[in-house]
Amino acid sequence: MSETIQILITLPFTDDLLAKIQTVSPRLQLNLVRAHKVEEVPNEDWRRTEVLYTNRVLPNPELVPNLRWIQFHWAGVDHVMEHPLLHMKEVEATTLSGAAASQVAEYAVMMLLSLGRRMAEMMSCQRKGEWPKDRWERFSPRELRDSTVGILGYGSVGRQIARLLFPFGAIVLATKRDVMHPEDKDYMPPGMGDQNADYVYRLYPSQAVRSMMKECDFIVNTLPLTPQNRNLIGVEELGVMKPTAYFLDLSRGGVVNQNALITALREHKIAGAALDVFPEE
């Protein structure tokens, strides 16, 4: 076993954060090189690196003969899935999946409440000093209580959303690639998530997306962007939704066909949408 572990960090970590990392072990040798491109890191730094913490800065394998672990700064890594380093058996790659589940889930609940109460339209009227004559009908809320919320992809974020929705009295449905194994074996902070799928009323296989969506008052998309999931939600999927239902997209731009969603909104085939991601940011 070597005396030190050489860690290269390419993101602008603060001195306080570096100090916290250093407390993990005196063996850690931290090397901070703020870089957006491979060539901004000296070759000697690449050569001795054993652990790489980065966003997108990935060298060719020959530059990092000692590399054993890549930790990505985001949960989604669709932008680097074809890089040769991720196909080397001796290199472990991990993401931040689960680390931000609490923040994203709270954002999701905030958006569901805002959609159900037509908050954006209400605030617009307030800014204009308007009090519409049809206000009782226009702003009649769709409460989470007794609503059916469908979660596309029952991963770390989806499971934490389900936990937060349980006290509201919502009925949670979800899709999962392997419904025969509903338990969660991935990382989740203690006291969060839904390890044994206790908060979900029914799990649907991925092939039954439309069957689930037609039952829902709200749909929350948390699916990763993969070749199989690209444009997964399109005209036919949106077409089975209730005209009173809302769509919330939290995943990656590309899972939902943007043109199909725009058409569904313009033609009032669904009641509204909240988007945290876009095909082009």
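The following paragraphs lead through two parts of this predicted model, strand 1 with its partners and helix 3 with its surroundings.

Strand 1 comprises residues 5–9, and 4 of its 5 residues are buried, so the strand is largely enclosed by the rest of the structure. Here a residue is called buried when its relative accessible area is under 20%.

Strand 1 pairs with two other strands. With strand 2, residues 28–32, it forms 5 bridges in the parallel sense. The connection between these two strands passes through helix 1, residues 15–22, and the resulting β-α-β crossover is right-handed. Strand 1 is also joined to strand 3, residues 51–54, by 3 bridges, and this pair likewise runs parallel. Ile 9 illustrates both pairings: it stands opposite Leu 32 in strand 2 and opposite Tyr 53 in strand 3.

Further along the chain lies helix 3, which covers residues 101–116. Its 16 residues, at 1.5 Å a residue, should span 22 Å, and because the C-alpha atoms at its ends are 22 Å apart, the expected and modelled lengths agree.

Which residues of helix 3 are buried? They are Ala 101, Ser 102, Ala 105, Ala 108, Val 109, Met 111, Leu 112, Leu 115 and Gly 116. The elements that cover these buried residues include strand 6 (148–152) and helix 6 (156–165). Strand 9 (218–221), strand 10 (246–249) and strand 11 (272–275) are also among them. Just after the helix, Arg 118 adopts a positive phi of about 50 degrees.

Technical notes
Residues are numbered from 1 along each chain as its sequence is written. This is a predicted model: local features need pLDDT of at least 70, side-chain atom pairs count only at pLDDT 80 or more; totals for chains, interfaces and linings use all residues. Side-chain values use heavy atoms; hydrogens and water are left out. Buried means under 20% relative accessible area, exposed over 50%, partly exposed in between (1.4 Å probe, protein chains only). Helices (H or I, at least four residues) and strands (E, at least two) are DSSP runs, numbered from the N terminus. Two strands pair if DSSP finds at least two bridges between them. A crossover is right-handed if, with the strands pointing away from the viewer, the path from the first strand over the helix to the second runs clockwise. The expected span of a helix is 1.5 Å times one less than its number of residues. Contact means heavy atoms within 4.5 Å.
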